[in-house]
Amino acid sequence: MPGEAARSGTSLFGGVVRSGGSLPGGVVRGERGVAAVGLVLLVALLLVLILTAVVAGGLVSARLEVDGAARQAARAAAAARDPAGAVSAARAAAEAVLASGRSGCGGPAVAGPDVGVGLFRPGGAVTVTVTCRVRLADVAMAHLPGGADLTSAFTAPIPSWRSR
């Protein structure tokens, strides 16, 4: 009989029934809510993974913005007539690119580009390095602490046919 098999500690199919018996639907007493706890843990893990992906995507986007700022600043510096004009043109170009983006680098947080004008002559090159501090709260659209320093350098040739 089914009732006697359950009382003896074995089921009709050879499985062991825990003390206290089972509840309707095959749930063993004392294990109620295990599925709900597992679901909560799974949802929390998925939210952490999604937030990580959003932060990584925001940092990649900010990195591309800093790369573009360094490229535009180097091109502007290479088009200048003298080293002083190269520095000011590079700074203006970098600030314009970073201010127009969404990386959080615009405004007073912009570290002025470092312009290397050692070979500033026709046929030479000018190197611009742009450094920007990006807050994770800006790129993740969430209140996350901390940030990342992004640095990019670009070298642009000065046309050899151009005279000073």
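## Burial and overall layout

Of the 164 residues in the protein chain, 25% count as buried. The model is predicted. Its chain has a mean pLDDT of 78. In all, 73% of the residues reach 70 or more. Confidence is lowest in helix α1, residues 2-8, where the mean is 51. Helix α2, residues 34-78, has the highest, at 90.

The protein chain holds 4 helices and 3 strands. Along the sequence they follow the pattern α-α-α-β-β-α-β.

## The nonpolar core

The largest nonpolar core has 29 residues. Val 66, Ala 77, Val 128, Val 130 and Val 134 have the most contacts inside it. Several elements feed this core: α2, α3 (83-100), β2, α4 (136-140) and β3 each supply at least two residues. Helix α2 gives the most, with 9 residues.

## Strands β2 and β3

Strand β2 spans residues 125-135, and its side chains alternate. Val 126, Val 128, Val 130, Cys 132 and Val 134 point to one face and are buried. Ala 125, Thr 127, Thr 129, Thr 131, Arg 133 and Arg 135 point to the other face and are not buried. This fits a general pattern: in a regular strand, side chains alternate between the two faces of the sheet. Two of the buried valines, Val 128 and Val 130, are also among the residues with the most contacts in the largest core.

Strand β3 covers residues 147-157. It runs antiparallel to β2, and 11 bridges join the two. Within this pairing, Arg 135 stands opposite Gly 147 in β3.

## Salt bridges

A search of the whole structure finds 2 salt bridges. Side chains of opposite charge can pair when their charged atoms come close.

One links Asp 149 with Arg 133, with the closest N and O atoms 3.4 Å apart. Asp 149 lies in strand β3 and Arg 133 in strand β2, so this pair ties together parts that are 16 residues apart in sequence. Asp 149 is exposed because its relative accessible area is 53%, over the 50% cut-off. Arg 133 counts as partly exposed, at 42% relative accessibility.

The other links Asp 67 with Arg 63, and here the closest N and O atoms are 3.7 Å apart. Both residues lie in helix α2. They are 4 residues apart, about one turn of the helix. Asp 67 has a relative accessible area of 22%, so it is partly exposed; the cut-off for buried is under 20%. Arg 63 is partly exposed too, at 35% relative accessibility.

## A nonpolar surface patch

A nonpolar patch of about 1,100 Å² lies on the surface. Its residues are Leu 39, Leu 42, Val 43, Leu 45, Leu 46, Leu 47, Leu 49, Ile 50, Leu 51, Val 54 and Met 141.

Leu 42 is one of these residues, and its place is in helix α2. Leu 42 counts as partly exposed because its relative accessibility is 45%. Helix α2 therefore holds a patch residue, Leu 42, and also gives the most residues to the largest core.

## A contact across the sequence

Glu 95 sits in helix α3. At 36% relative accessibility, Glu 95 counts as partly exposed. Glu 95 and Ala 69 are 26 residues apart in sequence. In space, their C-alpha atoms are 7.6 Å apart.

Technical notes: Residues numbered from 1 in each chain as written. Predicted model: local features only at pLDDT ≥ 70, side-chain atom pairs only at ≥ 80, totals over all residues. Heavy atoms only, no water. pLDDT = per-residue confidence, 0-100. Buried < 20%, exposed > 50% of the residue type's maximum accessible area, 1.4 Å probe, protein only. Pairing = 2+ DSSP bridges. Patch = residues over 30% accessible without salt bridge, like charges linked within 9 Å, V, L, I, M, F, W, Y side chains within 5 Å. Areas by Shrake-Rupley, 256 points an atom, 1.4 Å probe, with all protein chains shown as cover. Salt bridge = Lys/Arg side-chain N within 4 Å of Asp/Glu carboxyl O. Core = buried A, V, L, I, M, F, W, Y, C linked by side-chain atoms within 4.5 Å.
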